[in-house]
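Please look through the following report, which introduces a structure step by step for someone who has not seen it before.

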Amino acid sequence: MAPVRCLPPLLLAVALALGPAAGEASRPLGLEALGEAEELAEELWGAGLPGDLPELEPECRRLLAAFAEGSAALTGCLGSRARPVRLCQACHRHYRRLLAQYGNITRAGNSSESHNCAKSILTSDRLQIVVTLSEFFNETWEAANCANCLKNSSEGLSNSTVEFLDLFNKSLTCFEHNLQGQTIYLSPNNYTEVCKNCNETYKVLNDLYNNLQRMNRQGGESGHSAHLCIDVEDAMNITRKLWSRTFNCSVPCSDTVPVIAVSSFILFLPIVFYLSSFLHSKQKKRILILPKRIQSNASLVNIQEKYS
């Protein structure tokens, strides 16, 4: 039996075709003609009349089904890895597979005009849903900067990304271990043990992240000079929030003494300048006054000799 959405138009067409053939074009369509049309429609459907016109070739249907399955798999991966963000490390295989499936569609039909799957699937309607889906996945992947987490061939995570994620997991393990050890003895807001025991691990992780940022600005392993991939950025943001806001820890700066020395020197420069200027001006005044005193004394001696 034909689907309900397709059967009435077909019944109407068959009934209209039967009417003029019987010489009853002026007679309204009645129940008898409608019954005959329904019987003829069932015979046509039973004979294998396609229900979804225009029908795709079997090879085109296979390519479209593969793309649909790949799109569903990638969508599920992106949605399930949204928080915490693990898009690049968990979904890069799905994305690479979808690119290959889309490429198979675009290349299909080039050798035979009768089986032009690319035209039938990609550009046969205004919506172009396959093209729209492909563009969405590409834009999402580029916005996440996943290429900066992967090797140039996109076959797996780069060495620097693997190293960073390993340190990130060690940091979280250290946090968890020290939290379990101190909650029995200390208040929930006192995380002294976490700050003391995990300081070195956190410092190494933070230094590695800063190095990755500098390498990335110069074009690092992946050859893409942009932000770090969203997985690495989100992992570092989580760690920094835990360290500074939740645990209220701080990393002691190894350059504190030189910074204090230079700051103190710059702070006292104006004082030294004004003090030296003041002393220098006082010295000049003394030099200028001294000859006047000598001249006045000599004049006094001359006056005394004159009157004597």
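## A disulfide with a buried end

In this predicted model, Cys-249 has a relative accessibility of 8%, and because buried means under 20%, Cys-249 counts as buried. Cys-249 is joined to Cys-195 by a disulfide with an S to S distance of 1.7 Å, and the link is left-handed, with -75° about the S-S bond. The pair connects distant parts of the chain, since Cys-195 lies in helix H8 (residues 192-197) and Cys-249 in the loop between helix H10 (230-246) and helix H11 (256-307), 54 residues apart.

## Helix H3 and its link to H5

Helix H3 covers residues 58-80, and its 23 residues should span 33 Å at 1.5 Å a residue, which agrees with the 33 Å between its end C-alpha atoms. Among the buried residues of H3 are Cys-60, Phe-67 and Leu-74, and what covers the buried residues of this helix includes helices H4, H5 and H6.

Cys-60 forms a disulfide with Cys-117, their sulfur atoms 1.8 Å apart. Cys-60 lies in H3 and Cys-117 in H5, so the pair ties together parts that are 57 residues apart in sequence. With 2% relative accessibility, Cys-60 counts as buried, and Cys-117, also at 2%, counts as buried too.

## The wider set of disulfides

A search of the whole structure finds six disulfides, and they follow the pattern 1-5, 2-4, 3-6, 7-11, 8-10, 9-12 when bonded cysteines are counted along the chain. One of them joins Cys-88 to Cys-146, and the torsion about its S-S bond is about -75°, so this disulfide is left-handed. Both Cys-88 and Cys-146 are buried.

Terms used
Residues numbered from 1 in each chain as written. Predicted model: local features only at pLDDT ≥ 70, side-chain atom pairs only at ≥ 80, totals over all residues. Heavy atoms only, no water. Helix = DSSP H or I, 4+ residues; strand = E, 2+ residues; numbered from the N terminus. Expected span 1.5 Å × (residues − 1). Buried < 20%, exposed > 50% of the residue type's maximum accessible area, 1.4 Å probe, protein only. Contact = heavy atoms within 4.5 Å. Disulfide = S-S within 2.5 Å.
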